[in-house]
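Work through the exercises below with the coordinates open, and attempt each task before reading its solution.

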Amino acid sequence: MLNKKHELGFFPTPLEPMTNLSKAYPNYNLFIKRDDNSGLASGGNKVRKLQFFIYDALSKGCDTIITAGAQQSNHCRQTVAACAKAGLECHLLLGGDKPKNYNGNLLLSHLLGAKIHFTGNNRKGEDALKLKQDLQTKKRKVYTIPYGGSNLLGALGFVDAVKELKKQLIEMDLKIDYIFFASGSGGTQAGLRLGVDLCNLDIKLMPISIDKTGIGDKTLAEAVLELLQQGKTDLHIQKKYTLQDAKLINDYNNAGYGVITQNEKKAINQLAQKEGILLDPVYSGRAFYGMMDHLENNKIKQHTNVLFWHTGGLPANFYYSEALI
Ligand SMILES: *Cc1c(COP(=O)(O)O)cnc(C)c1O
């Protein structure tokens, strides 16, 4: 069951050196993994998770998907696109009230055919069960994907991603010492951790927390630990995981989720103007700023190879244009 997926994207995603940026930070060799180019309605990291969810939903005979997020959720946009491709109806539970204008990811989710429900203060799927029951009375066969797609099945998408990375590293004869990435709902982080351990890679993960709030009554690190403990059994990883293995770097989320500061703007400008690659202001921009801070202040070992895992998010730039000009 563990390896079955419905192909939805362009894999492997490119792994490239960041030549100009490496010159700007001469103590480090910088690389980037382009999950922003994973296909499916402008790409992103959720495509990897969705390949497992869509397979599971189809194999269970479901015809309807529910998932949840913020109005500018990349996860929701990619989920609607996946549903379009797989012929499934897609319902989104989005935080906040219906805005006058649709923009960024919300506009794209609408164009992709989402049935959108606005849920006020709830943006992490709190209303999913009620909607599921409503749809079931209408004879729909419903499959619920959790907030951010972050359960074990979703995390397996990133175990797969590490196998993909390992192959590329062998082909390129390259050793990576650190991976920086944005951690929001924990599935990417848990999958990378499990994948690195499964593949016996000597890589230090640097998850940058982009959200101060936890998930339900758990902190994000607790949620990640739970996924590690579930995953190690299925993957036969002989390791005792503790909260230490699930911890995040919390130094860059002070403004709160989706609040754009000079930091994210600086990061977006930097990568765009040095390498011609676009980040997003909520996730990858915040994580990239965290990496820049580590490089500028030599917070990690010098003369090492550092990978930024670009998780996508391009459409959100259009929604946040005012903060980015
Ligand atoms: C969802 C998302 C993340 C975080 O992934 P999680 O698995 O939720 O931690 C990072 N970057 C972008 C652009 C995302 O959409």
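**Exercise 1.** Determine whether Asn200 is buried or exposed, and describe its backbone and its place in the chain.

*Solution.* Begin with the accessibility: Asn200 has a relative accessible area of 69% and is therefore exposed, where exposed means over 50% relative accessible area, buried under 20% and partly exposed in between, with a 1.4 Å probe and protein chains only. Next, locate Asn200 in the loop between α7 (187–198) and β8, bearing in mind that helices (H or I, at least four residues) and strands (E, at least two) are DSSP runs numbered from the N terminus. Finally, read the backbone: Asn200 has a positive phi of about 55 degrees, although it is not a glycine. The model is predicted, so that local features need pLDDT of at least 70 and side-chain atom pairs count only at pLDDT 80 or more, while totals for chains, interfaces and linings use all residues. Residues are numbered from 1 along each chain as its sequence is written, and side-chain values use heavy atoms, with hydrogens and water left out.

**Exercise 2.** Establish where Leu40 is found and whether it is buried or exposed.

*Solution.* Leu40 is found in the loop between β2 and α2 (46–59), and its phi is positive at about 55 degrees although it is not a glycine. The accessibility then settles the second part, because a relative accessible area of 12% makes Leu40 buried.

**Exercise 3.** Characterise helix α7 by its span, its burial and the elements that cover it.

*Solution.* First, the span: the twelve residues of α7 reach 16 Å from the first C-alpha to the last, close to the 16 Å expected at 1.5 Å a residue, the expectation being 1.5 Å times one less than the number of residues. Second, the burial: α7 is mostly covered, with eleven of its twelve residues buried, among them Arg193 and Asp197. Third, the surroundings: the elements covering these buried residues include α2, α6, β7, β8, α8 and β9, with contact meaning heavy atoms within 4.5 Å.

**Exercise 4.** Carry out the analysis of span, burial and packing for helix α10 (residues 284–296), and state what follows the helix.

*Solution.* With 13 residues, α10 reaches 18 Å from its first C-alpha to its last, which is close to the 18 Å expected at 1.5 Å a residue. Twelve of those 13 residues are buried, so α10 is mostly covered, and the buried set includes Arg286, Asp293 and His294. The buried residues pack against α1 (19–24), β2 (28–34), β7 (178–183), β8 (204–209), α9 (262–275) and β9 (304–310). After the helix comes Asn298, whose phi is positive, near 45 degrees.

**Exercise 5.** Describe how α6 (residues 152–172) and α8 (residues 220–235) meet.

*Solution.* The two axes, which are lines fitted to C-alpha atoms over the stretch in contact, with angles from 0 to 180 degrees between N-to-C directions, come within 10 Å and cross at roughly 70 degrees. That angle makes α6 roughly perpendicular to α8, a class that runs from 65 to 115 degrees, whereas under 35 counts as roughly parallel, over 145 as roughly antiparallel and the rest as oblique. The contact involves Leu152, Leu156 and Val159 of α6 together with Leu227, Gln230, Gly231, Asp234 and Leu235 of α8.

**Exercise 6.** Find which residues Thr79 contacts, and say where Thr79 lies.

*Solution.* Thr79 lies in helix α3 (residues 74–86) and is buried, with a relative accessible area of 0%. Leaving aside neighbours within four places in sequence, Thr79 is in contact with Leu50, Ile65, Thr67, Cys90 and Ile145.
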